[in-house]
Amino acid sequence: MRVLIYLVFSAFLMVNCQNRMPKEKADVLYFGGTILTMEDATPEVEAIALKNGKILFAGTQAEADRYKGDQTKVFDLKGKVLLPGFIDVHGHLTSRAGMMQAIDLFPEPYGTVNSIQDLQMTIKKYIKDHSTPKTQPIIGNGYDDAIMTEHRHPTKDELDAISMTNPIIVIHTSGHASVANTAMLKLLGISDSSKDPEGGHYGRDKKTGKLNGKLEENASFKALLALTEKMSKEAGNSQDQAIKNLMKAQDEWLSYGQTTICDGRTMGESVGLLEKAASEHLFKADIVYFPDYEYFKKDLNIFKPKYMKYNNHLKLGGFKFSDDGSPQGKTAWLTKPYLVPPEGQSADYKGFPIFSDQVLYDDLKTLFQNHITAQLHVNGDAAIDQALRVIGKLKEENIYKPELRATLIHVQNSRPDHIQKIKDIGLIPSYFSTHVYLWGDWHYSSVFGPERASFISPANSALKAGIIFTMHHDAPVTPPDLITAMYSAVNRKTRSGRILGPDERITPLQALKAITINAAYQLQEEETKGSIKSGKLADLVILDQNSLTINPEQIRSIKVLETIKEGVSVYQRK
């Protein structure tokens, strides 16, 4: 009898074990390090199994081993950190690609152009080293008056000192302004008698009224579009080079751990460029693009079938509106004057809007009625007020619905009273948190003053209000560097060491969620991305350090070791 009982029990155990053995075997297993899931129920696991580009299992190493087969590749993390791939919710991939041939004029900490003299010498050296023909247009990108020693923009005359024959234009780091020399203004047909375009300004000498070379907002955007179209025609079929530049830009994003990449204001020929790259299966990451609505509004019906549908890793995520300018460039639209007005402006200067309420209302109404979302660039508090006013009205009319997840981009000069309104309307704020580190001192001493500067990128206020928020890098305004955005949001420390708004600091985990699961939610992809969970895409990043356990001051030192898209390694640090 005992033997019979033993045999029955043994058979039961064997059947039970067989039932528990998974039928599927993993392609890949990861173990041996810290695996952060971004899932509240299981924030950390010992191992994960991947199959066909998706996460098959996440849990203990013993359980994960059951998915190991003869063909399974096994990776020991050796103490490194694995987590969901970072998600870029607002960058400018095609702009970075378009600037790939531009002269690098960034200051510290990303470059070396820390004065106007440095700028002049850098461009002169480029002309000499490249034996540049005397009439060839020259584009520089990234100069920053907030960091350069003069704390002002260069002038037309200072660019003329470089060359009177080469048309030269240098683009401000914010992307919202540029400066052109005499030859460039002539090439673009801009003269002292030219009138300001709607939503833009030509800088002028206060005494003479003549152009000083500065172009702001739509004046700069239109000039650059005209220039690139002109250069493209003269170069003939340059699309092959444009594709190569786009692939270089993609690789740059991948090296910063991002598996989903945003093109936050697609303009001109860039839509066609993205679609060509997709048709040739060139994208390693997922690309989500937001065409400029004003530029493409007549083509809405062409875009509609593409909305929220990936095709060869390319998805239309909605449309972009640029409602004002840049705070560090002092073109953002404020309700109170800038602490120190830009050169040539009076003490009551507050920046300016790009749209009237009526234009913004009509355009957003059309989009929302078509169940399409929008990203709204709003830096100044007056621009934020306008967005809340217009979308609030559309919500009252039952046209805007929170499930559309419209996003306020940057939201720099936010006020405490904005927080509840953002929640009530059902919007997502996406903060450019790196501002605190890179430009916090400039905001404190020149742009906003201490009180307003202390409330920029108010992530903790949003968190306490129960608002889902994200963070972004706005590349190429900065490199596609979300780790510095994390550092800035956690420490709120400026380049000089000042703590700017300590009450708005968040934890490293909260910062990680802002660039993973929250970011997936913003892009309406939380069911497939943003956390390590069975059934989701195997979009992953491996880091050399754990931001949850190291000194928060050291977060900027974290390095991306590997980026994995749908189970395939697409970047490895050399």
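In this predicted model, a good place to begin is helix 15, which covers residues 434-447 and spans only 16 Å between its end C-alpha atoms, whereas a straight helix of 14 residues would span 20 Å at 1.5 Å a residue. Along its course, helix 15 bends by about 65 degrees at Gly-440, and just after the helix another glycine, Gly-449, takes a positive phi of about 90 degrees.

The surroundings of this helix can be followed next. Because 12 of its 14 residues are buried, helix 15 is largely enclosed by the rest of the structure; among these buried residues are Val-436, Leu-438, Trp-439 and Trp-442, together with Gly-440, where the bend was described. The cover over the buried residues of helix 15 includes helix 16 (450-453) and helix 18 (482-491).

Helix 15 also takes part in the second largest pocket, since it supplies at least two residues of the lining, as do helix 5 (156-160), strand 11 (200-204) and strand 12 (211-217). This pocket holds about 680 Å³ of space, and of the 31 residues that line it, Arg-204, Asn-212, Lys-214, Glu-343 and Gly-344 are the closest to its centre. By character, the lining residues divide into 13 charged, 11 polar and seven nonpolar.

Elsewhere, helix 8 (residues 239-255) contains Asp-240, a residue that counts as exposed because its relative accessible area is 53%, with exposed meaning over 50%. Between the C-alpha atoms of Asp-240 and Leu-388, which lie 148 residues apart along the chain, the separation is 43 Å.

Terms used: Residues are numbered from 1 along each chain as its sequence is written. This is a predicted model: local features need pLDDT of at least 70, side-chain atom pairs count only at pLDDT 80 or more; totals for chains, interfaces and linings use all residues. Side-chain values use heavy atoms; hydrogens and water are left out. Helices (H or I, at least four residues) and strands (E, at least two) are DSSP runs, numbered from the N terminus. The expected span of a helix is 1.5 Å times one less than its number of residues. The bend at a residue is the angle between axes fitted to the seven residues ending there and the seven starting there. Buried means under 20% relative accessible area, exposed over 50%, partly exposed in between (1.4 Å probe, protein chains only). Contact means heavy atoms within 4.5 Å. On a 1 Å grid over the protein atoms alone, a cavity is a set of points where a 1.4 Å probe fits but cannot get out, and a pocket is an open set with protein on both sides within 12 Å along at least five of seven lines; lining residues have an atom within 4 Å of a point. Grid points are joined across faces, edges and corners, and a volume is the space filled by probe spheres set on the points. Ala, Val, Leu, Ile, Met, Phe, Trp, Tyr, Cys and Pro count as nonpolar, Asp, Glu, Lys and Arg as charged, and the others, Gly among them, as polar.
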